[in-house]
Amino acid sequence: MPGKVVIIHPQEPTLAVRLYLPLLQGMALTLRKFLANVFTPSVRPTIEYPEQRREYSDRYRGRHILKSREDGSLKCVACYMCATACPADCINIVAGEHPNLAYEKYPTVFEIDLLRCVMCGFCVDACPKDAIWMTKDYEMSYFSRKDAIYGIPELTEKPSDTGVGGPGYGYRPYYGASPAKKAGQFEPSGLSLLPMTLARNAAINRVPPPPPKPPAPAPAKPAV
Amino acid sequence: MSDKNVSLPVARIAPPIAPGVPSTVGTDFLTTKLDALVQWAQKNSLWPMPFGTACCAIEFMSSVSSHYDLARFGAEVVRFSPRQADLMIIAGTVTDKQAPILRKIYDQMPEPKWVISMGVCACTGGFYRAYHVVQGVDEIVPVDVYVAGCPPTPENLIHGLIELQKRIQSGELARHREAKTYVPIRVGTDPQVESIPAYSKSVMAPGRAHGHELPEMADSAEAEAAKGGKA
Amino acid sequence: MSATLSPASGVSFAPVLERKFPDGSVHVERRPATDVPTVVATPETCIEAAGFLRDDPAAAYDLLLDLVAVDRLKLDGPASFRGDERFQLNALLYSTKRNEHLRLRVALPASDPRLPTLTEIWPASNWFEREAWDLMGIRFDGHPNLTRLLTHNGFVGHALRKDYEAGQRWLCTDEDVLQTALAAKTDLPEDVFETMTLNFGPSHPSTHGTLRIVLRVDGERIVAAESECGYLHRCFEKMSETHTYTQVIPYTDRLNYCSPMINGNGYARAVEQMLGIEIPARAKAVRVVLSEFSRIMDHMVCIGANLVDLGGLTTFWYSYQAREEIYSLLEACCGARLTSSYARIGGLSLDVPDNFVEWCRTLSKSVTTHIGEVNTLLTKNRIVQKRMSGTGVVTKEQAIAWGFTGPCLRASGVGYDVRKDKPYDGYDEVDFDVPVTTAGDNYSRYLVRMEEMRQSLRIIEQVIARLPGGPVVSNDYRVVLPPKEMVYNEMEGLIFHFKNVFEGIQVPAGEIYSYTEGANGELGYSIVSDGSGNPYRVKVRPPCFPLFAAFEKIIIGGMVSDAVATLGTLNIIAGELDR
């Protein structure tokens, strides 16, 4: 096994240390930082929040949105998958029968209690209809607990969510892994590497594909 | 919830006009201006008392550190002594064991005082629907701003702080508080052991915030009496 | 049973044990190869067995890691609750001399479960027994102070028993909180003018809001102390039982919230071991890289916060700058700054960003700079040295007896590091050192943490240099969610997806103790499965717990201000201390 257990011996304090001289080094460091911050604004780490904003990645797990179909109706079919997957149990759905028979079901009530939600993204992972995404919106403070329960009107995606100055999409089903890839394009995080036919056959047989094998051992060499 | 509650000093919040300014002359031009000045001063010199218990305390530390720098809003003087603070930031899960301590510290803070509940654990208990977790600190102390997120980003906390400042400046919070009386639900009741009904995962009814009853602020003395009588 | 022993059971001292207990009252149980070997005793023989396990040179289990109590009331299958043996108490042991783990198991009856205390043999057992009494109602005869530890004194019942409802709360009043044994003894007449009782915490900046210590001080010297925890007992273990295996992952993030990624990886690894699945090489490598960055974050906040407690605020700014930079990387990988929920059973939730490798390189350079800055400020700072050297001393023997692991154990001269001694996730292919010091004082713990951060960077450099390609999750759809393409377009994908979400991962019935190296020491998960989608029992072996249990003994004889320094270097994280 490479590496080892190394024993550190604390150094015996030298005369300089005894005279508190290394403190000067620390002070010099602090002074250098101070002067740099004063004279070169570009090195200041501070993000002047309401005016400047830290850039979060396209996977940021912020406020949820419900996606709509092209005709404006919600994609959600009230299947309760997100509510089941939610560890905080913060999603409340009441299903109704959709007038359009093609859609069958839709949510008459879809509430997320943002003061219960722990922003784990499991609802997005669980949705089989691509109906719930998250945005990069993190500004969620309320004056009462009731304000924080978002219903369908608040959750439905609005142009302001993605428009200029809006938060933009955050965590979504396997998208947005890298800025290089456009939203709307699948990026199934490596799973697509599996040939689909193999997966289909395995699924039909109800036998999941075998787990990846460890690298094949080198061909046995004849014993010398 | 019950009459036994009275053993606890019920927090009746005084109108947040500065001490020494008599409210009887509130209609005068000068006092109005003085009110505005006092409110302006208060909002820009909030001294936070971080009641940090858990993960949110780490994010609170982030928001006072150099990347976010809460000092830009006049709130950098973090006081661990409640007597020197006027803004309590409850950052983290509050358990039943912690609850009496939280109440005690709140009572030690001088008026006027505000409370920010940071993170979903403090706001509602979050995903800890459990036998030892307070289901929202508004069971214990009145909360002015609820900041969602688990934990909230420092930006979110600052957002909550700015909202609070706006309300302090506008006086809205003062009027709101003046009109309502806060009745803490649990702390300080009869020491005789009393169990709190279990809430289960399955209870989900609209308006009940998913299995847990929202604490109400009594709108008037009658409502308060009705509430007391009901319980 | 002992006749069925085979070399596969992994217990080398089995013949000695058989000679010692010829009647078979203490014997070796067969376990799968992934689990730790197990020795079974009865309540009557457990003291003798424990003494043998600690003292016999063939066994030499000198370090008690954890006590896991299991209520088998609702357990089905072969291990189900039959007859009168409802409870099980498992003591998890480690031998620092032989580098072996072991489980000592005692079955206990349903009515009045009790057994003699193990504190005489492993002093670390003290608080673990209090916890088992508090949450599971198991009595330990002869225990010095068998009182509630995590829940408050107004609590009724034992919360982790299977017939206790998860949401049943009890009122806590002021009197319940303020009562401790030491505080009650304040009025000893002979003490009145000599010592005074000082309450320290829980709402005190240096106790991080959640620890409480009652001190008896003579002037400024501590003559007696009693520490108390439980102010952040969030019922992790009960919550795990009410959620599916996947849903437990967000809870694990909140255990040690200074380094959340490590907890999730450790938990996922434990479940993967139970399932017997192997995760892709890329997932392992990414887990290692992010765990090591998390370790740096943890040590940074430990050192920074410690120095704040000692009165030096500057270090805090510098160490937080490093944290913020690491946060950026973690957020780009998992979508949240702190509570990552990145690990999934079977791999990771998402692949890392495209520029991951370059990002890690840049980050590791700038973190090196920040470590250098902290080093400049502190290591040769005479004030820091004087505050830390020679205070909070823990000898090697004490550290082992008190169940220390991690940096605190290594600072006392024992070079046990899970990454090195029981390598996992490819740590055996990486070249890194395990720093050890011998003094065991606060300054040593500081030095060990500083060196560990540098070693973590070494590990990161090596892993990203050969970061494997390929998927980051297993393609076993019984365990991971199928790709969305399949879910949207194919019936089979949808079926797997539904089963996975609604029923959870069906982990085969069994039991495991799986351990990784957390930032504070050995982070272990004991999981019992009954074959359903929810874990039957999850017990975390929190590295902080033995550290804080020993705290009241370390600080005796020192000054109050030294106690603050010691509390800082032990790095007690309430989230994993109280769970």
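This text goes through the contact between chains A and C of a predicted model, then through some backbone features of chains B and C.

Between chains C and A, 65 residues of chain C are in contact with 61 residues of chain A. On the chain C side, the elements that each supply at least two residues are helix 10 (314–334), helix 11 (356–378), helix 12 (382–388), strand 14, helix 16 (442–465), helix 17 (484–489) and helix 18 (491–502). Helix 18 of chain C gives the most, with 7 residues. By residue class, the side of chain C that touches chain A divides into 29 nonpolar, 18 polar and 18 charged residues.

Strand 14 of chain C also pairs across the chains: 3 bridges join it to strand 1 (residues 5–7) of chain A, and the two strands run parallel. Within this pairing, Val434(C) of strand 14 has Val5(A) opposite.

The loop that leads from helix 15 (418–421) to strand 14 (434–436) in chain C holds Asp425(C). Asp425(C) is not a glycine, yet its phi is positive, near 50°. Asp425(C) counts as buried because it has 21 C-beta neighbours inside 10 Å, the cut-off being 20 or more.

A second positive phi in a non-glycine residue, about 55°, belongs to Asn99(C). Asn99(C) sits in the loop between strand 4 (87–95) and strand 5 (100–108) of chain C. With 11 C-beta neighbours inside 10 Å, Asn99(C) counts as exposed, since the limit for that class is 12 or fewer.

In chain B, the backbone feature is a cis peptide bond from Cys150(B) to Pro151(B), with omega near -15°. Pro151(B) is placed in the loop between strand 4 (145–147) and helix 5 (154–170) of chain B.

Key
Residues are numbered from 1 along each chain as its sequence is written. Chains are lettered from A and ligands numbered from 1 in the order in which they are written. This is a predicted model: local features need pLDDT of at least 70, side-chain atom pairs count only at pLDDT 80 or more; totals for chains, interfaces and linings use all residues. Helices (H or I, at least four residues) and strands (E, at least two) are DSSP runs, numbered from the N terminus. Two residues are in contact if their C-beta atoms, placed from the backbone, lie within 7 Å. Ala, Val, Leu, Ile, Met, Phe, Trp, Tyr, Cys and Pro count as nonpolar, Asp, Glu, Lys and Arg as charged, and the others, Gly among them, as polar. Two strands pair if DSSP finds at least two bridges between them.
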